[in-house]
Amino acid sequence: MLNVLEQAAVTVSAISGVLAAGGKRVDLFGVIVLALVTALGGGTLRDVLLDATPIVWVENPSLVVNASGTAFIVFFITRWCAVPVRFLLIADAFGLALFTIVGAAKALTFKVGPVNAVVFGIITGVAGGMLRDVLLGEIPLVFRKQIYLYATAAFCGATVFVLLMVWRPDHSQENRVIGIGLTLLLRLASLRWKLTLPVYGQQSDHDSDPEPE
Amino acid sequence: MLNVLEQAAVTVSAISGVLAAGGKRVDLFGVIVLALVTALGGGTLRDVLLDATPIVWVENPSLVVNASGTAFIVFFITRWCAVPVRFLLIADAFGLALFTIVGAAKALTFKVGPVNAVVFGIITGVAGGMLRDVLLGEIPLVFRKQIYLYATAAFCGATVFVLLMVWRPDHSQENRVIGIGLTLLLRLASLRWKLTLPVYGQQSDHDSDPEPE
Amino acid sequence: MLNVLEQAAVTVSAISGVLAAGGKRVDLFGVIVLALVTALGGGTLRDVLLDATPIVWVENPSLVVNASGTAFIVFFITRWCAVPVRFLLIADAFGLALFTIVGAAKALTFKVGPVNAVVFGIITGVAGGMLRDVLLGEIPLVFRKQIYLYATAAFCGATVFVLLMVWRPDHSQENRVIGIGLTLLLRLASLRWKLTLPVYGQQSDHDSDPEPE
């Protein structure tokens, strides 16, 4: 079950990697790399930092096939029809929630302590998208007000999950569901009500920010 | 023999790292880092992802001396004479072919399976140049139409090599030569006939793309 | 004692990470990531490349709390009062010196040989700031003439330290103090007298370079 969800999350993240290439004159290879980095970058960084061997996609190459196959198909499909962005945002919220809690749970099995487990959860959830943006020469979208609460949703979900695991480690399954649910809810709520974090160097909430989507 | 070829490939890649700094107001230290990253970045990333310890240049520090010494010399030489770009492109094609097949072969010794071995071959061949471009604030050249078939050459060469290793693992030496030769041929052919991959979001092959070299 | 100094160096580096976000429209999460990457990026990269497990901040999560707490406080403080940049530059020089020598010393315990130990010292000292700049979409400041001798100070300090460790390995404590002192002195001298490395492709020292601080 978790495996099916993980494959779905990888597919959604891969699509977001492809769409980020829009207007950048990137060729098919570039699009496939962007998809792979977006979908597997967070888990890869987590495993390298934890020294978890083999890393996630070396252990399970079907993730590589999934992400690059998705990229290949979407590359050609987007020539003929538009991608439903609204649907993608919701699917991506689900991917964020799943990756974050799975990442925090994996870190806990390496006995890294609660603070680090939260950090590893956030890394797993957001680092892939950050790497994608760096490859495109842009400041990571997750640092921007325009993405609304994204890393913050991951932070809250991971924190609650890790605290639950400390307090009642024998309800692992239930704790996971709560963590994923909370992250997902916060992310969807922030999209619905345009919740944001304050921006560095700006004091007012009423600043006349242009807000490109 | 392989060792001599590897040192030559490192030298050529280091030169390409130095030349990429043109017009960027990068100082001597920056040029040396760019050379090191270009020449050793792919092998380093491969070894970190494979958890191969020690990584390639820790095991063989002469590669560090080679790349940084090359950068130091080229830094000053380019003030007095031009670098023969055409020669460099051909030498670099050879480096791509060698790095790719050596990388795929190393991954196979870690029992990662054929799909991952191809991925590791491509990483070894192209990641160094990608890191160089990221450090220079640019979208990796290997994602661009203007580089012609580069990663694609590595992909084809690595795939044929890995399939040969699956089918006749006892002809390792011969398989390597075929893989390197195929990658090299494809790369040189793509330079000669300007073969490219399609670009994301562009439907026509006749688009009026400006093609800066 | 060394631990207190290390925490101080992390705090200073975290502040430099926050300040780099100026004018970039980065939100609170982005500022915290920039602080963490600047303060812990060099040590993290060193440990990943050395395959030192657990990496520095997994072993000592108080470094994560320190850097992110610093970022949180500075994020809000800078709305009300200016940061004393001159003081920061000097504090940062101390951080560079400490990180570089601690990094080279750690590498030596992994038996990497003298050339690599110097490389690992420089990586520990400067890679965090490089990663910060890459996340902000800029060419690393440490590649620029305007930063004066920075990596070069680390290189000289690390080289002298490593040579001392080869010649008299039983005076480890004293060798460290000399290495740190030399790096610090060189860095401060280069700030005072605006010492720089030559820039790629520029032959004259009298070129009319605009020198933004």
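Okay, so buried area here is the accessible area, with a 1.4 Å probe, that two parts lose on being put together, summed over both. Quick background: this is a predicted model, where local features need pLDDT of at least 70 and side-chain atom pairs count only at pLDDT 80 or more, while totals for chains, interfaces and linings use all residues. Residues are numbered from 1 along each chain as written, chains are lettered from A and ligands numbered from 1 in the order written, and side-chain values use heavy atoms, leaving out hydrogens and water.

Right, chain C against chain A. Together they bury about 2700 Å², with 66% of it on carbon and sulfur atoms. On chain C's part of that area, C:Arg25, C:Phe29 and C:Arg79 supply 28%, more than any other three residues.

Who takes part? Counting contact as heavy atoms within 4.5 Å, we get 33 residues from chain C and 27 from chain A.

And how many salt bridges, meaning a Lys or Arg side-chain nitrogen within 4 Å of an Asp or Glu carboxyl oxygen? The count between these two chains is 0.

Now the elements, where helices are DSSP runs of H or I, at least four residues, numbered from the N terminus. On the side of chain C that touches chain A, α2(C) gives the most, with 8 residues. Others giving two or more include α1 (2-19) and α6 (114-135) of chain C.

Last stop, chain B. B:Gly113 is in the loop between α5 (85-109) and α6 (114-135). Its relative accessible area is 28%, so we call B:Gly113 partly exposed, as buried means under 20%, exposed over 50%, and partly exposed in between (1.4 Å probe, protein chains only).
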